[in-house]
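Let's take a walk through a protein model, one piece at a time. Have the picture open and turn it as you read.

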Amino acid sequence: MNRIKHRPAKRLVQLTALLLLLLFVCAIASVDSLVLTALLLVPLLVAFFDYMAAKSEPLLEVSAQTNLNMALYRRQPLQIVIKNKAKHATMLDVSVHLSNAIELQKPQQTVFIDAMQQAKQSFTLRAHKRGDAQISAIELRVGSPFDLGKQTG
């Protein structure tokens, strides 16, 4: 199941704080209303276009490969293959969510994928309980074009 969430990035919060500071300084200095309007509209338009560009679903395909027959307390590799079908390169964070029976050494990794290429990420699993163990989700966090937002799916 693919759920996509849009969240503001740290850069958008910083831009908003800077904009509020500039508006405060302009209000104290009694700057012309045309300048104040431009100060408001330009960052809002940039943020809007950044959101609209990020809103389209990224053309990424993910698959996981591992041995489902795991020995207790033995390390075993998990290969995540991510195919970028878009016409532009992308940087993303890959997170693997597992059931309680498995532990993961590095649950999150950052990867850069060129346009029309694929990347392989290796994780190390270790089962510490008997019974059904499963990969519950593979989460991809993709930045927007101006890095003002993050798209999680």
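What follows looks at a helix, a sheet, a core and a few unusual backbone angles.

Keep in mind that this is a predicted model.

**The helix H1**

Start with helix H1, which covers residues 10–28. How far apart should the ends of its 19 residues be, at 1.5 Å a residue? The expected span is 27 Å, and the end C-alpha atoms are indeed 27 Å apart, so the two agree.

Now look at which parts of H1 are hidden. The buried residues here are Leu-19, Leu-23 and Cys-26. They take up an arc of only 65° around the axis, which means they sit on the same side of H1. Part of what covers these buried residues is helix H2, residues 33–55. Turn to the other side of H1 and you'll find exposed residues instead: Lys-10, Val-13, Leu-20, Leu-21, Phe-24 and Ile-28.

**The open sheet**

Next, find the sheet. Four strands make it up, in the order S2-S3-S7-S5, with antiparallel pairing, and the sheet is open. Why do S2 and S5 each have one side without a neighbour in the sheet? These two stand at the edges and have a single partner strand each, so nothing in the sheet flanks that side. On average, neighbouring strands of this sheet are turned by 30° against each other, if you ignore direction.

You can follow the pairing along S3. Its antiparallel match with S2 has six bridges. Within it, Leu-60 faces Asn-84 of S3, and Ala-64 faces Ile-80 of S3. S3 also pairs with S7, again antiparallel, through nine bridges. There, Val-81 has Lys-120 in S7 as its bridge partner. As a general point, strands of a sheet pair through backbone hydrogen bonds, in either a parallel or an antiparallel way.

**The nonpolar core**

The largest nonpolar core contains 16 residues. Which residues have the most contacts inside it? They are Ile-80, Ile-82, Leu-92, Val-94, Val-96, Val-111 and Phe-123. Strands S3, S4, S5, S6, S7 and S8 each provide at least two of the core's residues. The largest share, four residues, belongs to S4.

Ile-80 is a good one to click on, since you've already met it opposite Ala-64. Leaving out neighbours within four places in sequence, the residues in contact with Ile-80 include Val-62, Val-94, Val-96, Phe-123 and Ile-138. Ala-64 is on that contact list too, and so are Ala-119, Lys-120 and Gln-121.

**Three positive phi angles**

Last stop: the backbone. Most residues other than glycine have a negative phi. Here are three places where phi is positive.

| Residue | Phi | Where |
|---|---|---|
| Ser-30 | about 45° | just after H1 |
| Tyr-73 | about 60° | loop between S2 and S3 |
| Met-116 | about 55° | loop between S6 and S7 |

Are the two loop residues, Tyr-73 and Met-116, buried or exposed? A residue counts as exposed when its relative accessible area is over 50%. Tyr-73 has 53% relative accessibility, so Tyr-73 is exposed. Met-116 is exposed as well, because its relative accessible area is 56%.

Terms used
Residues numbered from 1 in each chain as written. Predicted model: local features only at pLDDT ≥ 70, side-chain atom pairs only at ≥ 80, totals over all residues. Heavy atoms only, no water. Expected span 1.5 Å × (residues − 1). Buried < 20%, exposed > 50% of the residue type's maximum accessible area, 1.4 Å probe, protein only. Arc of directions from axis to C-beta. Contact = heavy atoms within 4.5 Å. Core = buried A, V, L, I, M, F, W, Y, C linked by side-chain atoms within 4.5 Å. Pairing = 2+ DSSP bridges. Axes fitted to C-alpha atoms, helices over the stretch in contact; angles between N-to-C directions.
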